[in-house]
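Here is a short briefing on one structure. Please keep the sequence and the 3D view open while reading.

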Amino acid sequence: MKEETILITVEGFPERVVEGTTIAQLVERYGIEDHHLIVEKNGRFVYPQDYGTTRVEAGDDIEMVHPDFGG
Amino acid sequence: MILPDIGEEGQRRLKAARVCIVGLGGLGSISSMGLAAAGIGYLRVVDCDRVELGNLNRQFLHGTDDVGRFKSDSARDRLLALNPEIRIDGWNVKVAQENAQDVVGDCSLIVDGTDNLATRKVLNRMAVQKGIPFVYGGVEGFEGMVTTIVPGQSPCLECLFPGEDRTVDREIGVPGPMPGVVASLQALEAIKYLTGIGPALSGRLLLIRALDMSIHEMQVDRNPRCTVCGSMERNRG
């Protein structure tokens, strides 16, 4: 059976992902290993503890931001 | 002050304030000058490093004559030259959990000028514990971020970056003016908080990207499971 996909925006670019994709899966898909990565969903910060349970929905705008710790 | 939003009362509040700036590199250079010139009554400037020639592209507080001196001494001299009417202490100490209370515990506001997450977490914990506002700023390359932590109202740094510090120790290069952009915003947040105008960046993380000259903001809610501000609140009652 073919999996349903949805269209979201990641870092400003359109992206098709399988329906039900979580933030954790999205981060893994992009191969990002920054432990302190900041993920934003529709302008709102997503707690890292919620990556595994937060699912993206059609039309979502996702940004992944590397934190700035220099001074 | 001729600014109507600040006025004489605002200026009096600035004079009565005690601000601690931890880290006197790129960020601390600019925020400390902004706050000294604004007339903050007492500034404590803290850093344990010495000035190096390679610092000078962005650490405008120090000059070539200061190379080899402690940054806390160099900063104190420069800031007093800028405003001899205020009190400035230069503390040559490395901030850690053990001494954090001595360094920032008696201040009315903390400005972040550090260059690592571990020290920021120490400051954040002390800020939340003592109810002292903490203006976080960070830079990396052509990017920077700022937020103001108001204990009891806004999310804290642990809400944003939970868990143990797993940052990789590496040299982070920045173009000279970049820390100044972030540190100027930090100084503005400090002035607004202290004068009663109120910080605008409480619960908002401002992201500055200089490559495309864009500024973007992210809404951040308090994390009820936060091990720092969440647990302290639970303990209080």
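Helix H5 of chain B covers residues 117–130. At 1.5 Å a residue, its 14 residues should span 20 Å, and its end C-alpha atoms are 20 Å apart, so the two values agree. The model is predicted.

**Helix H5 of chain B**
- H5(B) is largely enclosed by the rest of the structure, because 11 of its 14 residues are buried.
- The buried set starts with B:Leu117, B:Thr119, B:Arg120 and B:Lys121. It continues with B:Val122, B:Leu123, B:Asn124, B:Arg125, B:Met126, B:Ala127 and B:Val128.
- B:Gly131 follows H5(B) and has a positive phi, near 70°.

**Nonpolar core**
- The largest nonpolar core holds 79 residues.
- Helix H7 of chain B (residues 177–195) gives this core its largest share, 10 residues.
- B:Val19, B:Leu109, B:Ile110, B:Leu123 and B:Ala190 have the most contacts inside the core. One of them, B:Leu123, is also among the buried residues of H5(B).
- Beyond four places in sequence, B:Leu109 touches B:Ala17, B:Val19, B:Ile132, B:Pro133, B:Ala190, B:Tyr193 and B:Leu194.

**Packing of H1 on H7 in chain B**
- Helix H1 of chain B (residues 7–16) packs with H7(B) at an angle of about 110°, and their axes are 8 Å apart.
- H1(B) is therefore roughly perpendicular to H7(B).
- From H1(B), B:Gly10, B:Arg13 and B:Leu14 meet B:Ile191, B:Leu194 and B:Thr195 of H7(B).
- This contact has three nonpolar residues, two polar and one charged.

**Around B:Cys156**
- B:Cys156 sits in the loop between E6 and helix H6 (157–160) of chain B.
- Buried or exposed? B:Cys156 counts as buried, because 28 C-beta neighbours lie inside 10 Å and the cut-off for burial is 20 or more.
- Neighbours within four places aside, B:Cys156 is in contact with B:Asn124, B:Val128, B:Ile149, B:Pro151, B:Cys226, B:Val228 and B:Cys229. B:Asn124 and B:Val128 are buried residues of H5(B).
- B:Ser202 is 46 residues from B:Cys156 along the chain, and their C-alpha atoms are separated by 9.4 Å.

**Helix H3 of chain B**
- H3(B) runs over residues 71–82. Its 12 residues should span 16 Å at 1.5 Å each, and the end C-alpha atoms are 16 Å apart, so this helix agrees with the expected span.
- The buried residues of H3(B) are B:Lys71, B:Ser72, B:Ser74, B:Ala75, B:Arg76, B:Arg78 and B:Leu79.
- Their cover includes H2, strand E2 (42–46) and strand E3 (87–91) of chain B.

**Contact between chains A and B**
- Chain B contributes 29 residues to the contact and chain A contributes 15 residues.
- On the side of chain B that touches chain A, at least two residues each come from helix H2 (26–38), strand E5 (134–140), strand E6 (143–149), strand E7 (204–209) and strand E8 (214–219).
- That side of chain B has 13 nonpolar residues, 11 polar and five charged.

**A:Met64**
- A:Met64 lies in strand E5 of chain A (residues 61–65).
- A:Met64 counts as partly exposed, because it has 16 C-beta neighbours inside 10 Å.
- Beyond four places in sequence, A:Met64 touches A:Glu11, A:Val27, A:Tyr30, A:Ile32, A:Leu37 and A:Val39.
- A:Gln25 is 39 residues from A:Met64 along the chain, and their C-alpha atoms are separated by 13 Å.

Terms used. Residues are numbered from 1 along each chain as its sequence is written. Chains are lettered from A and ligands numbered from 1 in the order in which they are written. This is a predicted model: local features need pLDDT of at least 70, side-chain atom pairs count only at pLDDT 80 or more; totals for chains, interfaces and linings use all residues. Two residues are in contact if their C-beta atoms, placed from the backbone, lie within 7 Å. Helices (H or I, at least four residues) and strands (E, at least two) are DSSP runs, numbered from the N terminus. Ala, Val, Leu, Ile, Met, Phe, Trp, Tyr, Cys and Pro count as nonpolar, Asp, Glu, Lys and Arg as charged, and the others, Gly among them, as polar. The expected span of a helix is 1.5 Å times one less than its number of residues. A residue is buried if 20 or more other C-beta atoms lie within 10 Å of its own, exposed if 12 or fewer, and partly exposed in between; C-beta atoms are placed from the backbone. A nonpolar core is a set of buried Ala, Val, Leu, Ile, Met, Phe, Trp, Tyr and Cys residues joined through C-beta atoms within 7 Å. Axes are lines fitted to C-alpha atoms, for helices over the stretch in contact, and angles run from 0 to 180 degrees between N-to-C directions. Angles under 35 degrees count as roughly parallel, over 145 as roughly antiparallel, 65 to 115 as roughly perpendicular and the rest as oblique.
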